[in-house]
Amino acid sequence: MSFNTIDINKQRQDLSSYDDVWLFGYGSLIYKVDFPYIQKRSAYIRGWNRKFWQGSHDHRGTPQSPGRVVTLVEAQSTKKCFGVAYRVRPDVFEHLDHREKNGYLRYEVNLHFLDSDAGCTKGIVYIADPDNAAFLGDASIQEIANQIHHSKGPSGPNREYAIKLAQALEELGFDDQHVKSINQHLQNLEQ
Ligand code: SIN
């Protein structure tokens, strides 16, 4: 698959007939909200694990020296991935498709809101699959932290991404051991 997913994402769902759409963010979409939204709610999706397994060539690294950013990796159906849901106008996806273009595809998922137990709502999430050209996959926590420590790209240092994500998850009260351990290693590297 090519790196740039803009055209594929446009064809995946035609959202133009909707008044609004729920977007689920689990990575930088939690702390860097550079798009308008109507409503914001804490939420989770089932069956996915957040992992620093996606290469970043355009934001937190370069094609020669990619950084590492999060994607979702399939997990047991009972596993919950916590994040933030935004109710947005469909035209916001123009901007989001550009921002998430390096390998992320839009998927439809069932969102569960934390402030309500009234079933689930359909939403859209951006996931970088293992078959996308920028996918890096698993590595030890030490290796991932080292790569993040040394990488930077047009959006800034890779460690800023990791630190801001860890801080945002903590503020929201979400416990993510993978994100926490990488940040612990990053702190050790900076001492
Ligand atoms: C997301 O935040 O939901 C997608 C991954 C990212 O942009 O960091």
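**Helix packing and ligand surroundings**

H5 and H6 sit oblique to each other, because their crossing angle of roughly 130 degrees falls outside the ranges that count as roughly parallel, antiparallel or perpendicular. Keep in mind that this is a predicted model. Below is a quick tour of how H5 packs against H6 and H4, and then of what surrounds the ligand.

**H5 against H6**
- Helix H5 covers residues 158-172 and helix H6 covers residues 177-190, and their axes come within 10 Å.
- The H5–H6 crossing is left-handed.
- On the H5 side you'll find Arg159, Ala162, Ile163, Leu165, Ala166 and Leu169, and they meet Val179, Asn183, Leu186 and Glu190 of H6.
- Sorted by class, the residues in this H5–H6 contact come out as 7 nonpolar, 1 polar and 2 charged.

**H4 against H5**
- Helix H4 (residues 141-150) packs on H5 at about 120 degrees, with the axes 6 Å apart.
- That angle makes H4 oblique to H5.
- Gln147, Ile148 and His149 from H4 touch Asn158, Arg159 and Ala162 from H5.
- The H4–H5 contact has 2 nonpolar, 3 polar and 1 charged residues.

**Around the ligand**
- The ligand has Phe24, Gly25, Tyr26, Gly27, Ser28 and Leu29 around it, along with Val70, Glu100, Tyr104 and Tyr161.
- A polar backbone atom of Tyr26 is 3.0 Å from a ligand oxygen.
- For Ser28, a backbone N or O atom lies 2.8 Å from an oxygen atom of the ligand.
- Leu29 has a polar backbone atom 2.9 Å from a ligand oxygen.

Note on methods. Residues numbered from 1 in each chain as written. Predicted model: local features only at pLDDT ≥ 70, side-chain atom pairs only at ≥ 80, totals over all residues. Heavy atoms only, no water. Axes fitted to C-alpha atoms, helices over the stretch in contact; angles between N-to-C directions. Helix = DSSP H or I, 4+ residues; strand = E, 2+ residues; numbered from the N terminus. Parallel < 35°, antiparallel > 145°, perpendicular 65-115°, else oblique. Left-handed = near helix turned anticlockwise from the far one by under 90°. Contact = heavy atoms within 4.5 Å. Nonpolar A, V, L, I, M, F, W, Y, C, P; charged D, E, K, R; others polar. Near = heavy atom within 4 Å. Polar contact = N/O pair within 3.5 Å; in protein donor to acceptor, adjacent residues only side chain to side chain.
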